[in-house]
Amino acid sequence: MQLIFPDNFWWGSASSALQTEGDSLNGGKSATIWDHWYTQQPSRFHQQIGPAETSTFYQHWRQDISLLKQLNHNSFRTSISWSRLIPDGTGDVNQEAVVFYNQVIDELLAQGITPFITLFHFDMPMAMQEQGGWESRQVVAAFSRYARLCFELFGDRVLHWFTFNEPIVPVEGGYLYDFHYPNVVDFRRAATVAYHTVLAHASAVRAFRTSHSAGEIGIVLNLTPSYPRSRNPADLTAAHHADLLFNRSFLDPVLRGEFPADLVALLRQYDQLPLTLTEDKVLIADGIIDLLGVNYYQPRRVKCRDSAINPAAPFMPEWFFENYEMPGRKMNPYRGWEIYEPGIYDILTNLRLNYGNPRCFISENGMGVEDEQRFDQAGQVDDQYRIDFVAEHLKWVHRAICEGSQCLGYHMWTFIDNWSWCNGYKNRYGFVQLDITTQKRTVKKSGEWFAATAACNGFNHPENLA
């Protein structure tokens with residue numbers, strides 16, 4: 001059957017400055033935590049490929065934007081690099097960066113592609129990390145100034161701003177599970193980082209409102225529906241706790257202007273609450289957004305713990321639940337993630353029923369596959385698996401829209417194969433293949449499919465949805 005999406009639906013993809021720009025220490029840019037970490041522990045990075053060059057967007061932005069146009073994007077999300085725009089984090093603006101970002105924004109608009117701009121996508125300037133990173137209120141203030149400068153410099157043309165991309169990830173990676181710098185394992189410090197990130201978000205929203213900029217401001221959250229193993233009360237409680245910690249810790253502040261009372265009570269019970277100031281409550285309430293970006297990759301399946309907690313071990317979220325591997329689940333074996341397309345529908349339905357049906361869009365959804373060159377057919381990667389992945393998720397997005405969800409678009413992760421943190425180029429996600437030796441760009445079969453889908457504002461799905 002034919003699935004047609006609403007008029008003016010946003011068809012596009014997402015990327016980030018750090019993962020695509022390259023020239024990570026050129027053009028006046030200073031080091032991020034990723035540049036620093038790579039110098040300290042290159043073995044933590046797949047094939048020891050660091051952030052120095054990535055996908056060379058800094059040199060090839062005009063060619064890449066032309067490819068976006070070829071793929072019929074009407075919108076595209078990327079980020080500004082704080083360490084490129086303000087190299088020491090708090091001081092003078094780097095005019096080379098202003099020229100670069102102006103060129104990118106102007107070329108996107110010239111090609112009929114609406115820019116969606118994120119202010120922070122995991123790339124803390126090392127100069128700011130040395131002052132405490134998100135553990136420091138001074139860094140929160142510096143971020144607020146950086147945001148205000150971005151609105152002043154680019155807000156005449158950028159009408160869709162996002163304060164953070166997946167703010168829970170630096171909390172998890174940097175302060176709980178040791179997969180981002182600074183490699184701390186300490187829940188109390190993680191809670192402080194999360195809390196200060198919400199303050200930074202709200203301060204940027206406040207700056208946007210007072211700037212009287214046109215357009216709108218939001219945030220991008222990676223939402224992972226928490227499914228209990230069973231309807232047993234213990235499993236339901238485990239799923240509730242996982243949802244509080246990993247979803248609602250950011251979702252409630254940005255949509256309701258306050259943290260969930262259950263979450264506050266839980267952290268108070270275990271003496272893990274961050275330090276707060278009286279004026280924080282008003283600031284957080286000011287951080288309610290205009291537009292929510294939803295990143296969805298996989299569900300979270302949980303059950304109650306089957307074993308006692310080691311009281312000498314660090315306090316962790318897993319004190320409240322265990323991960324559950326559902327029999328018969330569909331997997332992406334390369335990334336180790338479950339593929340569960342109805343999860344995207346469940347997220348949109350939850351937002352509609354429990355959060356006032358906010359304006360939102362799918363800001364990331366993607367499938368990383370290792371060694372895609374295996375699927376080369378006459379010079380083109382035949383990634384039918386990616387087409388199937390996108391089509392099945394779009395089917396559930398369409399159903400949610402038909403039921404009243406205010407979902408305004410779908411952005412794939414990502415446009416071109418890019419560098420993916422410690423995984424480097426191990427898994428490829430793009431509609432466009434990147435040869436990292438020659439930098440040659442080649443559109444994959446999925447890119448052609450997406451271009452046709454965007455041109456038609458929909459596609460034929462073989463399944464009857466009735």
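Let me begin with Pro260, which, once its neighbours within four places in sequence are set aside, is in contact with Leu244, Arg248 and Asp252. Before going further I should say that this is a predicted model, and that everything I describe this morning is to be taken in that light.

Pro260 sits in the loop that runs between helix H10, residues 233-256, and helix H11, residues 261-269. Its relative accessibility is 3%, and since buried means under 20%, Pro260 counts as buried. Of the contact partners I named, Arg248 is one for which we have a separation: it lies 12 residues away from Pro260 in sequence, and the two C-alpha atoms are 7.0 Å apart in space.

A second loop proline is Pro358, which is placed between H13 and strand S13, the latter covering residues 360-364. Pro358 has a relative accessibility of 12%, and therefore it also counts as buried. If we again leave out residues up to four places away in sequence, Pro358 touches Leu255, Leu351 and Gln406. As for Pro87, it is 271 residues from Pro358 along the chain, and the distance from C-alpha to C-alpha is 36 Å.

Let me turn to helix packing, starting with H13 itself. Helix H13, made up of residues 342-354, packs with helix H14, residues 384-402, at an angle of about 25°, and their axes are 8 Å apart. Angles under 35 degrees count as roughly parallel, so H13 and H14 are described as roughly parallel to each other. The crossing in which H13 passes H14 is right-handed. On the H13 side the residues that meet the partner helix are Pro342, Ile344, Tyr345 and Leu348, while H14 contributes His393, Trp396, Val397, Arg399 and Ala400. Sorted by class, this contact has 7 nonpolar residues, 1 polar and 1 charged.

The other pair I would like to show is helix H3, residues 57-70, with helix H5, residues 95-110, where the packing angle is about 10° and the axes are 10 Å apart. By the criterion I have just used, H3 and H5 are therefore roughly parallel to each other as well. Here Phe57, Tyr58, Trp61, Arg62, Ile65 and Leu68 of H3 meet Glu96, Phe100, Gln103, Val104, Glu107 and Leu108 of H5. The class count for the contact of H3 with H5 comes to 8 nonpolar, 1 polar and 3 charged residues.

Now to two polar side chains in strands. His411 is found in strand S17, which spans residues 407-412, and with a relative accessibility of 0% it counts as buried. What does the side chain of His411 pair with? Its partner is the side chain of Ser75, through a polar contact of 2.8 Å.

Gln433 is in strand S19, residues 432-434, and at 15% relative accessibility Gln433 counts as buried. The side chain of Gln433 makes a polar contact with that of Gln373, at 2.5 Å. Beyond residues up to four places away in sequence, Gln433 touches Gln373, Val381, Asp417, Lys440, Arg441, Thr442 and Lys444.

I will finish with some backbone features that are worth looking at on the screen. Where are the cis peptide bonds that I want to point out? One joins Tyr181 and Pro182, with omega about 15°, and Pro182 is placed in the loop between helix H8, residues 168-175, and helix H9, residues 187-211. Another is the bond from Trp413 to Thr414, which is cis with omega near 10°, and Thr414 is found in the loop between S17 and strand S18, residues 427-428.

There are also positive phi values to mention. Ala378 is not a glycine, and yet its phi is positive, at about 55°; the residue lies in the loop between strand S15, residues 376-377, and strand S16, residues 380-381. Gln439, likewise a residue other than glycine, has a positive phi near 65°, and it is found in the loop between S19 and strand S20, residues 441-443.

Are these two residues buried or exposed? Ala378 is exposed, with a relative accessible area of 89%, whereas Gln439 is buried, with a relative accessible area of 17%.

Technical notes: Residues numbered from 1 in each chain as written. Predicted model: local features only at pLDDT ≥ 70, side-chain atom pairs only at ≥ 80, totals over all residues. Heavy atoms only, no water. Helix = DSSP H or I, 4+ residues; strand = E, 2+ residues; numbered from the N terminus. Buried < 20%, exposed > 50% of the residue type's maximum accessible area, 1.4 Å probe, protein only. Contact = heavy atoms within 4.5 Å. Axes fitted to C-alpha atoms, helices over the stretch in contact; angles between N-to-C directions. Parallel < 35°, antiparallel > 145°, perpendicular 65-115°, else oblique. Left-handed = near helix turned anticlockwise from the far one by under 90°. Nonpolar A, V, L, I, M, F, W, Y, C, P; charged D, E, K, R; others polar. Polar contact = N/O pair within 3.5 Å; in protein donor to acceptor, adjacent residues only side chain to side chain.
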